[in-house]
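Open the model in your viewer and keep the selection panel at hand. The stops below say what to select next and what is there.

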There are 2 protein chains.
Amino acid sequence: MVKEMVLEDKERSIQAFNPVTNETLKQKFPVSSRTQLDETIFKADQAFQLYSKIPYASRADFLTQIGIEINNLGDELIKTCMNETGLPEARIIGERGRTVAQLNLFADLLRDGSWLNAKIDTSDPDRVPIPKPDIRQTQIPLGPVGVFEASNFPLAFSAAGGDTASALAAGCTVVAKSHSGHPGTSSLIAKAISKAIKVTEMPEGTFSLVHGPGIEVGMDMVNHPLIKAIGFTGSYSGGKTLFDAAADRPDPIPVFAEMGSVNPVFVLPEATKLGEEIAAKLVDSIVLGTGQFCTNPGMIIVQDSVDAVVFKNELRKRVGGVKESTMLSQRIKNSFEEGVARCSNAPGTKELGRGKGDGKNCQAVPVIFETSFKSFLENKELSEEVFGPSSLVVSTKEKREMIELAKELSGHLTVTVFGTKKDLSENADLLSILEKKTGRLILNGVPTGVEVCHAMVHGGPFPATTDARTSSVGTTAIYRFTRPICFQNFPNEILPEELKNENPLGIMRLLNGELTVNKWYE
Amino acid sequence: MVKEMVLEDKERSIQAFNPVTNETLKQKFPVSSRTQLDETIFKADQAFQLYSKIPYASRADFLTQIGIEINNLGDELIKTCMNETGLPEARIIGERGRTVAQLNLFADLLRDGSWLNAKIDTSDPDRVPIPKPDIRQTQIPLGPVGVFEASNFPLAFSAAGGDTASALAAGCTVVAKSHSGHPGTSSLIAKAISKAIKVTEMPEGTFSLVHGPGIEVGMDMVNHPLIKAIGFTGSYSGGKTLFDAAADRPDPIPVFAEMGSVNPVFVLPEATKLGEEIAAKLVDSIVLGTGQFCTNPGMIIVQDSVDAVVFKNELRKRVGGVKESTMLSQRIKNSFEEGVARCSNAPGTKELGRGKGDGKNCQAVPVIFETSFKSFLENKELSEEVFGPSSLVVSTKEKREMIELAKELSGHLTVTVFGTKKDLSENADLLSILEKKTGRLILNGVPTGVEVCHAMVHGGPFPATTDARTSSVGTTAIYRFTRPICFQNFPNEILPEELKNENPLGIMRLLNGELTVNKWYE
């Protein structure tokens, strides 16, 4: 059974805050002490020895059951989550659907089995000068994984979110640290996982939830010798702190931190003629969920023209029609205000348009700024992410400046290009630069809305993430928590199922260099 | 054309040393200055912009041509390498064959195309509540890669070795730092690559060689902002220093350091009855190439029995019949002697057997030590790798001690088990522990001889490597230098070949969750 950390740490507890009513919620969630964390991680390691050996199909059933139990939480989950985050009901119901869909996607992946990338090179005892051995490769899990919940996705990137789903699918056990913004939501999810563990008879300790505000409990987790990998979604400072700590361990471990990005949008000259339509799409994307998405379009690059003037006017008009809305917490709102002030005060930068409202408490008024290419380059603070409903239009004089700006970009989760066929053929060089800067390159769409599927890459070069060679959304995410191993000259009967001669899983395998579902007859 | 760094750094140059004749060789190789290194890396980055876009088939031809040009170097390469390393002719000819085979394996991988793991999730504009976008994933190269040559494989893990072959295959350009033990060999290889670049019309700067003794030039390389990944084979201290520096960069980069290991060998009770045969195999493996392999079996664990006594006697007898042989350098020989002294002086440890010779200069006399389980646990220095022809037998009293020892192991490149069918069925728990400690688990064979194939994993948990999620040998190695990217809503005509609807490469792709070579008809 999942043991949520409810033992006493008399000094400290976490209480959530309702950003709509500006009230601190009553329920207290005790902060885990170091001893409690030790015990929890020790149990996760004990559970790992068993869980890592459980057949893939049973693991799949477990993931499916977690989804069922989450749905079984019914209204209590929705209401708790609304109270703790201020997010509207429809959004939370949608996010719950996404969370369950993620679990089911990984369950399907496990049932299919091809994800194991089984490779078999059979022996040749007669080879000269030395016989060729039989070598067979599969994927095995790394060990207990520490998962840090995100503030902005209380379900889809939290206790049973993408990190947990992919780690459990990989065969790892999970210790999740709740986000202090929604401990009650996470506790309910932990109960659902606990129920699923019971129903599907998984080892006790396969999943645990701990609570801790700030960095302390998290740092203890990263530094714990039995923790073998970290999944994190959040701020640059949070992710980088964990990355540095993990690299400094006597035995460094991988940290997969998704740290957000500015998500630049390039509007090419001919597409700018469709400026009104594009502006409408962009403003919708900028204010969606009060701008609290990692893929929020925080920078829009255009080339000066009559069309660009129309486009910018439309941005101004559109954002002017949007009312203030609630952010997740006072801390996030304060940070948004700081970012907005940073843009306001930057030389050569002015406000292009602003939404309605007075922005009291946790209410955020959307705002779009405008600056020149020159001011953008001269003021590094304009490159920083402002988490919330804001964006910055950078006006360039010509293609050369767009190219130069593209080259200056650091890593981003997404880069978007609006362009006609003609634009694209005239800007192949720009696209070629942009693909080096991101995990996802989007044409004529908006970056918000991260599809959960096989082909998705939600990642990208530093500082978007600490490891560009993977994704935190979609089935690619499973490989963060596995590693290849090969077995040399093993008798068929003790090989893992996916490597046996008769291919009992019926999966695609690389057999002596050829992808096939064929058996191997010795 | 490849520009080898031959500009003057009047103060410093590298000269190789012949460990057989104990003579410093005449030819001087100037150490690269920081300015020269900067220029070289800048060129590698310029070349990357072009090389990364060259069709896979052309990249394949380039790799094949490198192999041809290496063979064209003929006797000069073999003789230079013999002079610089003291390795026998047959070994160097064999290693050259392996090096060329590696290049050809990656060329075949590129021609095949399935390695790209192309994933396509097609759109559904009618999906509610929001339309499903078209998302397509492939692999792109990281950028210029710094490769550090290994001392013990002057060809297969050096200038045109596995790191370079996999990086070039991935679409990265390479700046290699020669090992000071064989700069002449590396210069010849660099010339061969230069010729191949000309013949196949690759961009200038696609490959460069720099020289530098010690850590300085290497650290400048790791810290250079245009270098995007590092491949390294060598010592723990060298690899860990590079890893730490890379993690401390403003933008951390991945370091794939293979840092050797002790490669424990477990001889299970029933197999011990075949002790004489196993002892013969193990001694051959221990002294192969004067023990200078990363996979040298440095620890042998047995359970006390009459058979174990026979087995140990046979080890003693066998190693006693082996003559001293030449190590790669005086430095390596000195380090071997230090390791031998460390074992000699460890409490409860004694010499089991020793080969013939007086071990002058670079000659190493093979030696096997013996210790008890208790002494092994109490003396941490016995767990350290002794690079050279030596091994340590650890005698355990019972299975429980073997299990405990297995649990104590850190990460190793290989773990070997000798066992009969009965042994294996009685020790499934031991095998389960051992697979968590290694990249390659071997049954009834020796760890030396790393097959270059698709299924090979030459890697493993820290401290065997700095990233267990990959391999430095075999085709898996290519993924060290690529990352996934996805294209959203791209028109078919500007997608990379591997993602186009009509599947022009004819490769296996994950199309809406199904592995198929089918085209996609919209």
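This tour of a predicted model goes from the chain pair to a shared sheet and then to some helix contacts.

**Stop 1: the two chains**

Color chain A and chain B separately. A turn of 180 degrees, with a shift of 0.0 Å along the axis, lays chain B on chain A with an RMSD of 0.0 Å. The two copies are thus related as by a two-fold rotation axis. To find that axis from chain B, select Ala247(B): its C-alpha is the one in chain B nearest the axis, 3.4 Å from it. Both copies use the same surface, as 100% of the contact residues of chain B recur in chain A.

**Stop 2: the side of chain B that touches chain A**

Select the contact residues next: 51 in chain B and 52 in chain A. On chain B, four strands each supply at least two residues of this side: E5 (119-121), E6 (135-141), E20 (438-443) and E21 (482-488). Which strand gives the largest share? It is E21(B), with 6 residues. Colored by class, the side of chain B that touches chain A shows 26 nonpolar, 14 polar and 11 charged residues.

**Stop 3: where strands pair across the chains**

Select residues 438-443 of chain A, which form strand E20, together with E21(B). These strands run parallel and are joined by 3 bridges. Within the pair, Leu441(A) stands opposite Phe487(B).

Now select residues 482-488 of chain A, strand E21, with E20(B). This pairing is also in the parallel sense, over 3 bridges, and here Phe487(A) stands opposite Leu441(B).

**Stop 4: the sheet that spans both chains**

Show strands in cartoon and follow the order E23(A)-E22(A)-E5(A)-E6(A)-E21(A)-E20(B)-E19(B)-E12(B)-E13(B)-E18(B)-E17(B)-E15(B). These 12 strands make an open sheet with mixed pairing. At the edges stand E23 (514-516) of chain A and E15 (349-354) of chain B; each has a single partner strand, so one side of each is left without a neighbour in the sheet. From one strand to the next the twist averages 25 degrees.

Then add residues 306-320 of chain B, which are helix H10. H10 packs on the sheet and touches E12 (264-267), E13 (299-303), E15, E17 (367-372) and E18 (390-396) of chain B. The direction of H10 makes about 55 degrees with that of E15(B).

**Stop 5: helix H3 of chain A and H6**

Hide chain B and select residues 74-85 (H3) and 183-199 (H6) of chain A. Their axes come within 8 Å and cross at roughly 155 degrees. An angle over 145 degrees counts as roughly antiparallel, and H3(A) and H6(A) are therefore roughly antiparallel to each other. The crossing is left-handed.

Turn on side chains for Glu76(A), Leu77(A), Thr80(A), Cys81(A) and Glu84(A) in H3(A), which meet Gly184(A), Thr185(A) and Leu188(A) in H6(A). The residues of this contact divide into 3 nonpolar, 3 polar and 2 charged.

**Stop 6: the same helix and H4**

Keep H3(A) and add residues 89-112 of chain A, helix H4. The two axes come within 10 Å and cross at roughly 125 degrees, which makes H3(A) oblique to H4(A). This crossing is right-handed.

From H3(A), select Leu77(A), Ile78(A), Cys81(A) and Met82(A); from H4(A), select Glu89(A), Ile92(A), Ile93(A) and Arg96(A). By class, the contact has 6 nonpolar, no polar and 2 charged residues.

Terms used: Residues are numbered from 1 along each chain as its sequence is written. Chains are lettered from A and ligands numbered from 1 in the order in which they are written. This is a predicted model: local features need pLDDT of at least 70, side-chain atom pairs count only at pLDDT 80 or more; totals for chains, interfaces and linings use all residues. Two residues are in contact if their C-beta atoms, placed from the backbone, lie within 7 Å. Ala, Val, Leu, Ile, Met, Phe, Trp, Tyr, Cys and Pro count as nonpolar, Asp, Glu, Lys and Arg as charged, and the others, Gly among them, as polar. Two strands pair if DSSP finds at least two bridges between them. Axes are lines fitted to C-alpha atoms, for helices over the stretch in contact, and angles run from 0 to 180 degrees between N-to-C directions. Angles under 35 degrees count as roughly parallel, over 145 as roughly antiparallel, 65 to 115 as roughly perpendicular and the rest as oblique. A crossing is left-handed if the near helix is turned anticlockwise from the far one by less than a right angle, and right-handed if clockwise. Copies are superposed by least squares on the C-alpha atoms of residues with pLDDT of at least 70 in both.
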